[in-house]
Amino acid sequence: MSLHPEAAAFLDRLAEQRMPPLDQVGVPTARELMNGLRQAQGPAEPVDAITETCVPGPAGLLPVRVYRPARRPGPRPLVVFFHGGGWIAGDVELVDKPLRSLANASGAVVASVEYRRAPETRFPGPAEDAHAAVGALAGRAEEFGADGGRLVVAGESAGGNLAAAACLMAKDRGGPQIDLQILICPSLAPAENSPFDSYRQYASGYLNTRAAMLHFWDLYLPSPGKAAHPYASPLLATDHKGLPPALILTAECDPLRDEAEEYGRRLRADGVPAAVRRHDGALHVFFLLPGLTAARHARDHIAHTLRGHFGTPRPPRPCAR
């Protein structure tokens, strides 16, 4: 399919602003440019409550923003979410509006985690932060009005990488028990010498580029050899058995599309239920733009998946008289 008109219009606006390629600017400028996406996100939806807190990580406290939507009958899942930004950029502010919309659409409590970023902290630091945050937040689920027995780990782009890595680490280390993983346009394999057609088909011209991904991986890894580690590249893990079921959302016009869809196939080959949903004509960053049709469909699909996985909450039974 061709680029969706909404995605094409977004690229036109970026071209008018003469946004430089992310691989050709320094890290501080890249962070400013990525944070500039907030200007295109539209108004923020109100939620019932927001809590700012911290959880312990391996090198200090990690900031967390928790979104609680209006109360609905039945227990609520806790979704621990990791923002994207090529491991070098992004923060809770970048995903504030998308996660407000996600919490409202799904009825889940959503906890947005800030992890240490590259190049100041390279692999495995951010992955270790992700695993630590999932465990700490699972232990505080009831405090946030969620059910600790309904734990979901999710992330977008580089955050999808960290979410997948956290699931692998939880499996290898005996916890926490994760019920579901939701990966949105995740980076799951090295950009260098990528065998996937989407890396060639969408190498340039669609915002997220092959050159940018090569740059991000170079900043994230302490050495090229670390790319083979499964916590850096979850697609390269030799055994995916025992991982939580997955929902994987991809964008058609994204270099990362094929590796994410291949991850779904490998999960299924190892007996892990995995649903893959491609958003036709969409760009890599579609989830960050809540007003786009693709983003609305993604939120609806996530909400449907949560209801299907955990069961539709039933209204409370009337008291006997």
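Q: Let's start with two strands lying side by side. Which residue of β5 is the bridge partner of Phe-81?
A: It's Ala-154. A quick heads-up: this is a predicted model. To read strand pairing, look for bridges between the two strands and then check which way they run. Here β3 and β5 (residues 151-156) run parallel, with five bridges joining them.

Q: What joins β3 to strand β4?
A: Five bridges do, and β3 and β4 (residues 109-113) run parallel. You can pick out one pair by eye: Phe-82 has Val-113 of β4 as its bridge partner. To get from β3 to β4, the chain goes through helix α3 (residues 96-106), making a right-handed β-α-β crossover.

Q: Are the faces of β3 covered or open?
A: Here's the general idea: along a regular strand, side chains point by turns to one face of the sheet and then the other. In β3, one side carries Leu-78, Val-80 and Phe-82, and the other carries Val-79 and Phe-81. Every one of these is buried, leaving both faces covered. Put as a count, five of the five residues of β3 (residues 78-82) are buried.

Q: Back to β5 for a moment. Is Gly-155 buried or exposed?
A: For this you look at the relative accessible area, and under 20% means buried. Gly-155, which lies in strand β5, comes out at 0%, so it is buried.

Q: Which residues is Gly-155 in contact with, leaving aside its neighbours within four places in sequence?
A: Skipping those neighbours helps you see who meets whom through the fold. Gly-155 contacts Phe-81 and Phe-82, then Gly-160 and Ala-163, and also Ile-182, Leu-183 and Ile-184. You can also compare spacing along the chain with spacing in the model. Gly-155 and Gly-90 are 65 residues apart in sequence, yet their C-alpha atoms are 12 Å apart in space.

Q: Why is strand β7 described as largely enclosed by the rest of the structure?
A: Count its buried residues. Strand β7 (residues 246-253) has eight of eight buried, so the rest of the structure largely encloses it.

Q: Which strands pair with β7?
A: Strand β6 (residues 180-184) is joined to β7 by four bridges, and the two run parallel. In that pairing, Ile-184 faces Leu-249 of β7. Strand β8 (residues 274-283) also pairs with β7 in the parallel sense, over seven bridges. There you'll find Ala-251 opposite His-279. Between β7 and β8 the chain passes through helix α8 (residues 257-269), and this β-α-β crossover is right-handed.

Q: Now for empty space. How much space lies in the largest pocket?
A: The general trick is to roll a probe the size of a water molecule over the atoms, which shows where empty space remains. In this model, the largest pocket holds about 440 Å³. It has 28 lining residues, and those closest to its centre are Met-19, Leu-33, Met-34, Leu-37 and Leu-207. Helices α1 (5-16), α2 and α7 (210-220) are the elements that give two or more residues to this lining. By class, the lining of the largest pocket has 15 nonpolar, 10 polar and three charged residues.

Q: And which residues lie nearest the centre of the second largest pocket?
A: Of its 16 lining residues, look for Met-19, Pro-21, Gly-205, Leu-207 and Thr-209. About 310 Å³ of space lies in this pocket. Helix α1 gives the largest share of its lining, three residues. The classes split into 12 nonpolar, three polar and one charged.

Q: Where is Thr-209 placed?
A: Find the loop between α6 (197-201) and α7; that's where Thr-209 sits. With a relative accessible area of 16%, Thr-209 is buried. Beyond residues up to four places away in sequence, Thr-209 touches Asp-23, Ala-203, Ser-204 and Pro-255.

Q: What does Ala-40 count as, at 36% relative accessibility?
A: Partly exposed, because values between 20% and 50% go in that class. Ala-40, at 36%, belongs there. You'll find Ala-40 in the loop between α2 (27-35) and β1 (49-57). Leaving out neighbours within four places in sequence, Ala-40 is in contact with Phe-10 and Leu-289. Ala-40 and Arg-72 are 32 residues apart in sequence, with 30 Å between their C-alpha atoms.

Key: Residues numbered from 1 in each chain as written. Predicted model: local features only at pLDDT ≥ 70, side-chain atom pairs only at ≥ 80, totals over all residues. Heavy atoms only, no water. Buried < 20%, exposed > 50% of the residue type's maximum accessible area, 1.4 Å probe, protein only. Contact = heavy atoms within 4.5 Å. 1 Å grid on protein atoms, 1.4 Å probe; cavity = no way out; pocket = protein on both sides within 12 Å on 5 of 7 lines; lining within 4 Å. Points joined across faces, edges and corners; volume = space filled by probe spheres on them. Nonpolar A, V, L, I, M, F, W, Y, C, P; charged D, E, K, R; others polar. Pairing = 2+ DSSP bridges. Right-handed = clockwise from strand over helix to strand, strands pointing away.
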